[in-house]
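Got the viewer open? Here's a short walk through the model, one selection at a time.

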Amino acid sequence: MISKNKILDKVYTARTHAELMDAYKDWAGDYEEDTVGGFGYVAPKIAADVLHGHLDDPTALILDAGCGTGLVGEALSAQGYSNMDALDYSPDMLARAERKGLYHTHLNADLSRPLDIADDSYDAVVSAGTFTYGHVDASALGELARITKPGGFITITIRDGAFDDHDYPEKMRELETKRTWKQIEIRDEDYLQKEGVGCKVCTFQII
Ligand SMILES: C[S@@+](CC[C@H](N)C(=O)[O-])C[C@H]1O[C@@H](n2cnc3c(N)ncnc32)[C@H](O)[C@@H]1O
């Protein structure tokens, strides 16, 4: 049995996607207790609330990108949404999400690679906790834009620090310049409340 700190070390120091997925395999069972209970992880609820503030359509088809164990789906479900798909690269995290019975489809895919999803598939895409160190690169933003319908919304959290250490801001500006999307807002919010870590909650509307 691997200790908690070793699991967290594995997540934060993973150098390859294989190592990261191995870390999530060890963590899946304790993930919610450690993050929500231990760190005061509020990003899923905040992301769901922010998206709801813009979308406000309980019939909308939403993709939860990097769904993990399904915390965003739970928060959206509490807001009245029921038309949701889930995507995650970790089969173990995805299996936890599937058990909640919140999502229609459960896609095992890598957000850093081209997705096997048709253009303009979703009314909205939401992602919490997945745009962070060592997880998903900026190319994922272009893919999320591609699969979202014109007029649809994308809301993602980006952990403070990771926002500037990756080329997320450059890719966001590129998509704005190309008129792929319009930036609606970038909001500073809590992320790991008990750890004093914040995030940017970024919302875009597809043109
Ligand atoms: C910190 S968890 C967040 C999960 C969930 N959204 C939440 O807020 O609880 C990050 C998730 O991103 C997934 N992930 C990491 N890299 C990924 C990638 N390249 N493509 C898809 N999912 C990825 C992990 O498997 C993990 O479930």
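Select the shell around the ligand and colour it by class: you get 14 nonpolar, eight polar and two charged residues. Keep in mind that this is a predicted model. The shell adds up to 24 residues, and the closest are Tyr31, Tyr41, Gly66, Asp88 and Ala128.

Now bring up the secondary structure. Which elements each supply at least two residues of that shell? Highlight α2 (17–27) and β4 (122–131), and you have them. Of these, α2 gives the largest share, with four residues.

Next, zoom in on the polar contacts. Start with the side chain of Tyr31, where an N or O atom is 2.7 Å from an oxygen atom of the ligand. Move on to Asp110: one of its polar side-chain atoms lies 2.8 Å from a ligand nitrogen. For Tyr89, show the backbone instead, as a polar atom there is 3.2 Å from a nitrogen atom of the ligand. How much of the ligand does the protein bury? Taken alone, the ligand exposes 600 Å², and 97% of that is buried by the protein.

Hide the ligand and turn on cavities. The space that the ligand takes up is the largest cavity.

Last stop: Ile207, in the segment after β7 (197–206). Is Ile207 buried, partly exposed or exposed? It's partly exposed, because its relative accessible area is 44%, which falls between the 20% and 50% cut-offs. While you're there, add Gly152 to the selection: Ile207 and Gly152 are 55 residues apart in sequence, and their C-alpha atoms are 8.2 Å apart in space.

Notes:
Residues are numbered from 1 along each chain as its sequence is written. This is a predicted model: local features need pLDDT of at least 70, side-chain atom pairs count only at pLDDT 80 or more; totals for chains, interfaces and linings use all residues. Side-chain values use heavy atoms; hydrogens and water are left out. A residue is near a molecule or strand if one of its heavy atoms lies within 4 Å of it. A polar contact is a pair of N or O atoms within 3.5 Å; within protein, one must be able to donate a hydrogen and the other to accept it, and residues adjacent in sequence count only if both atoms are side-chain atoms. Accessible areas come from the Shrake-Rupley method with a 1.4 Å probe; for residues, only the protein chains shown count as cover. On a 1 Å grid over the protein atoms alone, a cavity is a set of points where a 1.4 Å probe fits but cannot get out, and a pocket is an open set with protein on both sides within 12 Å along at least five of seven lines; lining residues have an atom within 4 Å of a point. A molecule sits in a cavity or pocket if more than half of its atoms lie within 2 Å of its grid points. Ala, Val, Leu, Ile, Met, Phe, Trp, Tyr, Cys and Pro count as nonpolar, Asp, Glu, Lys and Arg as charged, and the others, Gly among them, as polar. Buried means under 20% relative accessible area, exposed over 50%, partly exposed in between (1.4 Å probe, protein chains only).
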